[in-house]
Amino acid sequence: MSPDRNPLRLGSIAPNFDAETTQGPIKFHDFIGNSWAILFSHPADFTPVCTTELGVVARLQPKFDERNVKVIGLSANGLESHEAWIKDINEVNNVEVKFPIIADADRKISTLYDMLDYQDLTNLDAKGIPFTVRSVFIIDPKKTIRLTLSYPASTGRNFDEILRVVDSLQLGDKNRITTPANWKHGDDVIVHPSVSNEEAATLFPGFKTVKPYLRFATQPGTQPATA
């Protein structure tokens, strides 16, 4: 991270930028609009792990759409390379990539979001410029960064986990709850510590107190589990 720029943290406003993508030019904040967004980077086009990852995201597109989430990839190559790569992704994974991929051959956006790989000295292009690591940013409609993840270039991501986090964040924004370890959509949730027992009785009928600070409730919008 450049010393003259503040680091991106949870709660930071996602930096805006102009970019060329496989679906035309964008202004990032305008692209997000009133949706959630997932920005995820790739070291380079035509790499094995990247090709499988984008296939997974294309297959999950309907699930992101259901959650009002726009996905947008980034790879450290130009548009012509991206267009050829998409053909491979579609063929190998039997999918149709419908989300845009940002062209970032000059690493301008990768630098802005601190995505460059400073660990693996072999992860360089022909000019010796670092490629990106596998970064993920979940951004809400207010353009606030809600999650950041960084994987090494060698390790593919678990996009089911990214969907799980989106579910947790969206549910928590609508209700005064948090989610426990390994929570999945439909599981019991935790009543937020700021909610009194009196409020909880109204908001979460039948909530269970395990400890004064730990109270479980049925996920809002679902039916209580039956024995």
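Buried means under 20% relative accessible area. The model used in these exercises is predicted.

**Exercise 1. Classify Phe 137 and its ring partner Tyr 113 by burial and by ring geometry.**

Step 1. Take the accessibilities. Phe 137 has 6% relative accessibility. Tyr 113 has a relative accessible area of 2%.

Step 2. Apply the cut-off. Buried requires under 20%, so Phe 137 counts as buried. Tyr 113 is buried too.

Step 3. Check the rings. Their centres lie 5.0 Å apart and the planes meet at 75°. Planes over 60 degrees apart count as edge-to-face, so this pair is edge-to-face.

Step 4. Place the pair. Tyr 113 lies in the loop between helix 4 (108-112) and strand 6 (134-139), while Phe 137 is in strand 6. The pair therefore ties together parts that are 24 residues apart in sequence.

Step 5. Widen the view. Tyr 113 and Phe 137 form one aromatic cluster with Phe 17, Phe 28 and Phe 31. Over the ring of Phe 31 sits the charged end of Lys 70, 5.3 Å from the ring centre.

**Exercise 2. Describe the aromatic pair of Phe 40 and Phe 159.**

Step 1. Start with the search. Seven aromatic pairs turn up in the whole structure. In the pair of Phe 40 and Phe 159, the ring centres are 5.6 Å apart, with 75° between the planes. The geometry is edge-to-face.

Step 2. Locate both residues. Phe 40 belongs to strand 3 (residues 36-42) and Phe 159 to helix 5 (residues 159-174). They are 119 residues apart, and the pair links distant parts of the chain.

Step 3. Test burial. Phe 40 is at 1% relative accessibility, so this residue counts as buried. Phe 159, at 4%, is buried.

**Exercise 3. Which residues touch the most other members of the largest nonpolar core?**

Step 1. Name them. The core has 27 residues, and the answer is Ile 38, Phe 40, Phe 64, Val 71, Phe 99 and Ile 138.

Step 2. Trace the suppliers. Elements that each supply at least two residues include strand 3, helix 2 (48-66), strand 4 (69-75) and helix 5.

Step 3. Follow one member. Leaving out residues up to four places away in sequence, Ile 38 touches ten residues' worth of neighbours listed here in part: among them Phe 64, Val 71, Phe 137 and Ile 162.

Step 4. Look beyond this core. A second, separate core has 18 residues, including Phe 28, Ala 37, Ile 102 and Ile 145.

Technical notes: Residues are numbered from 1 along each chain as its sequence is written. This is a predicted model: local features need pLDDT of at least 70, side-chain atom pairs count only at pLDDT 80 or more; totals for chains, interfaces and linings use all residues. Side-chain values use heavy atoms; hydrogens and water are left out. Rings of Phe, Tyr and Trp (its six-membered ring) pair if their centres lie within 6.5 Å; planes under 30 degrees apart count as stacked, over 60 as edge-to-face and the rest as tilted. Helices (H or I, at least four residues) and strands (E, at least two) are DSSP runs, numbered from the N terminus. Buried means under 20% relative accessible area, exposed over 50%, partly exposed in between (1.4 Å probe, protein chains only). A charge sits over a ring if NZ of Lys or CZ of Arg is within 6 Å of the ring centre and within 35 degrees of the ring normal. A nonpolar core is a set of buried Ala, Val, Leu, Ile, Met, Phe, Trp, Tyr and Cys residues joined through side-chain atoms within 4.5 Å. Contact means heavy atoms within 4.5 Å.
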